Amino acid sequence: MKKIVSGMRPTGKLHLGHYLGVIKNWLKLQDEHDCYFFVADWHALTNKYKNTEDLKENIKQMIIDWLACGIDPKKATLFVQSGVKQHSELALLFSMITPKSWLELNPSYKDLKFNLFYQYLRDFLLGKQVKINQAPPPESFDEALEKATGKQKNKIFEEYLREAFHRAFYNQKGINFEYLKEVLIKFGINKKIVEEAIDNLEKGDVGKDIDTLGFLAYPVLQAADILIYKAEGVPVGEDQLPHIELTREIARRFNNLYDEIFPEPEAILTEAAKLPGIDGRKMSKSYNNAIYLSDSEEEVNKKTMQMKTDPQRIRRTDPGNPDVCIVYDYHKIFTKDENLLKDIDQKCRTAEIGCTDCKKILAENLNKFLEPIRDKRKEIEKDYEKYEKFFIEGTLRCREIAESNMKEVRKAMRLYEI
Ligand code: TRP
Ligand code: SF4
């Protein structure tokens with residue numbers, strides 16, 4: 001039995017990606033280990049400090065989603081980060097012993113910057129009526145770049161735009177704006193528009209919002225979240241690995257400097273099948289392609305009907321290929337009947353089944369999966385205060401553990417205590 005800590009930022013309602021990537025793992029862990037799951041509301045502030053009006057509602061929705069999925073206060077300790085002020089005290093003490101370079105080199109920090117810059121560029125181009133084609137491009141970026149002549153004025157595939165930006169962004173010497181400029185012009189985007197966009201990126205306010213101490217120190221707070229409970233395991237997605245590594249480094253440094261207090265926690269990687277959004281891109285609120293745990297039956301039906309299918313299958317009589325079809329990716333997870341699954345695969349390849357019928361089966365199975373969660377959500381929402389209590393009790397319990405561990409920390413550091 002290990003001590004496990006994990007948190008989630010309250011960014012809004014949970015979708016199927018969250019369920020498969022995080023919640024499913026937590027459900028298993030809570031049966032086997034001593035688990036602490038918390039709403040990381042301070043972490044949500046790092047990039048959302050300007051708009052805090054939704055924060056309380058987002059915390060509530062997250063609590064409802066967790067409980068509706070079966071996260072169980074009898075099995076795990078559930079709490080809200082900001083209710084345990086000791087996290088911030090430990091984060092402050094850790095900030096004294098954490099070299100700045102550890103944070104500046106953190107890949108997650110870079111990725112967030114990348115996304116902000118990229119979003120800006122994309123929105124700017126769209127605002128200038130540049131057509132950005134969302135379908136997957138027919139050939140590789142390099143081939144397309146070689147062939148690009150600029151004849152196809154104002155038309156670029158989103159994936160190429162992203163790839164170009166990626167190549168410009170992830171290089172040794174900061175962002176290579178010159179390269180980006182060249183590529184975009186080559187792909188046929190009007191030179192004036194490109195120059196204006198890049199100029200704004202270079203000199204403008206993009207990314208200024210996260211040019212804060214709090215954002216840079218995000219992983220230090222995360223290390224405090226984990227180490228304050230002396231956790232041994234941290235279930236996270238792959239994107240969080242650098243943060244766990246940093247947590248281990250901070251623990252090591254503390255133990256060397258003062259006293260052997262903290263264990264070095266291990267990441268518990270979620271080997272979740274990746275479920276794309278209904279348009280085939282990563283499922284995300286910002287892409288508007290997610291299926292939410294709280295979606296009604298009608299919404300689920302509608303979204304399923306909008307799903308992209310095998311792009312080669314144009315007419316009903318064309319044979320399809322489930323291997324390249326998003327609908328089938330979903331079937332593999334939500335259609336539990338193995339025979340039916342095989343049947344769909346076969347009948348798709350021989351055009352015996354049409355995409356509409358195939359989607360109808362999927363929608364039915366998705367709804368079968370979501371119905372109990374939906375019902376539970378309603379029950380919890382009706383009587384929210386009763387359920388919120390579990391989080392209040394958990395928070396009080398955590399306060400005691402955290403305070404007791406902080407006493408050890410203060411003593412090890414020979415701090416003054418009143
Ligand atoms: N950074 C995590 C995320 O964005 C959330 C988080 C905050 C967390 N503190 C944590 C996860 C501690 C695990 C342990 O998903
Ligand atoms: Fe995809 Fe189903 Fe259509 Fe085949 S029949 S292409 S699996 S939606």
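In this predicted model, alanine 351 is buried, with a relative accessible area of 14%. The cut-off for burial is under 20%. Alanine 351 sits in the loop between helix H16 (338-349) and helix H17 (355-382). Its phi is positive, at about 65°, although alanine 351 is not a glycine. Most residues other than glycine have a negative phi. The positive phi of alanine 351 comes just after H16.

Glycine 354 lies in the loop between H16 and H17 as well. Glycine 354 counts as buried because its relative accessibility is 5%. Leaving out residues up to four places away in sequence, glycine 354 touches Arg313 and Arg316. Isoleucine 132 is 222 residues from glycine 354 along the chain, and the two C-alpha atoms are separated by 30 Å.

Helix H16 itself was examined next. H16 has 12 residues, which at 1.5 Å a residue should span 16 Å. The C-alpha atoms at its ends are 17 Å apart, which agrees. Leu341, Ile344, Asp345 and Cys348 are the residues of H16 listed as buried. These residues cover an arc of only 100° around the axis, so they lie on the same side of H16. The other side of H16 carries the exposed residues Asn339, Lys342 and Gln346. Cover for the buried residues includes helix H15 (326-334) and H17. The N-terminal end of H16 is capped by aspartate 337. A side-chain oxygen of this aspartate lies 3.0 Å from the backbone nitrogen of asparagine 339.

Helix H17 contains arginine 377. Arginine 377 is buried, with a relative accessible area of 5%. Its side chain makes a polar contact of 2.5 Å with the side chain of glutamine 61. Beyond neighbours within four places in sequence, arginine 377 is in contact with Gln61, Ile64, Asp65, Ala68, Leu293 and Ser294.

Helix H10 (residues 191-203) gives a second case of a helix with a buried side. Its 13 residues should span 18 Å at 1.5 Å a residue. The end C-alpha atoms of H10 are 18 Å apart, which agrees. Ile193, Val194, Ala197, Ile198 and Leu201 are the buried residues of H10. They occupy an arc of only 125° around the axis, so they fall on the same side of H10. These buried residues pack against helix H6 (107-127), helix H8 (158-169) and helix H9 (177-186). The face of H10 turned away from the buried side carries the exposed residues Lys191, Lys192 and Lys203. Asparagine 190 caps the N-terminal end of H10. The cap places a side-chain oxygen of asparagine 190 at 2.8 Å from the backbone nitrogen of lysine 192.

Ligand 1 is surrounded by 13 residues. The closest are Arg9, Tyr218, Gln222, Asp225 and Gln240. Strand E1 (3-8), helix H12 (218-227) and strand E6 (233-236) each supply at least two residues of the shell. H12 gives the most, with four residues. Polar atoms of the protein approach both oxygen and nitrogen atoms of the ligand. A polar side-chain atom of arginine 9 lies 3.1 Å from an oxygen atom of ligand 1. For tyrosine 218, a polar side-chain atom is 2.7 Å from a nitrogen atom of ligand 1. A side-chain N or O atom of aspartate 225 is 2.8 Å from a nitrogen atom of ligand 1. Taken alone, ligand 1 exposes 370 Å², and the protein buries 91% of that area.

The loop between H12 and E6 holds lysine 230. Lysine 230 has a positive phi of about 55°, although it is not a glycine.

Tyr218 also appears among the contacts of threonine 46. Threonine 46 is found in helix H2 (residues 41-48). Threonine 46 counts as buried because its relative accessibility is 10%. Its side chain reaches the backbone oxygen of histidine 43 at 2.6 Å. Not counting residues up to four places away in sequence, threonine 46 touches Thr212, Gly214, Phe215 and Tyr218.

Conventions:
Residues are numbered from 1 along each chain as its sequence is written. Chains are lettered from A and ligands numbered from 1 in the order in which they are written. This is a predicted model: local features need pLDDT of at least 70, side-chain atom pairs count only at pLDDT 80 or more; totals for chains, interfaces and linings use all residues. Side-chain values use heavy atoms; hydrogens and water are left out. The expected span of a helix is 1.5 Å times one less than its number of residues. Buried means under 20% relative accessible area, exposed over 50%, partly exposed in between (1.4 Å probe, protein chains only). The arc is that of the directions from the helix axis to the C-beta atoms. Contact means heavy atoms within 4.5 Å. A polar contact is a pair of N or O atoms within 3.5 Å; within protein, one must be able to donate a hydrogen and the other to accept it, and residues adjacent in sequence count only if both atoms are side-chain atoms. A residue is near a molecule or strand if one of its heavy atoms lies within 4 Å of it. Accessible areas come from the Shrake-Rupley method with a 1.4 Å probe; for residues, only the protein chains shown count as cover.
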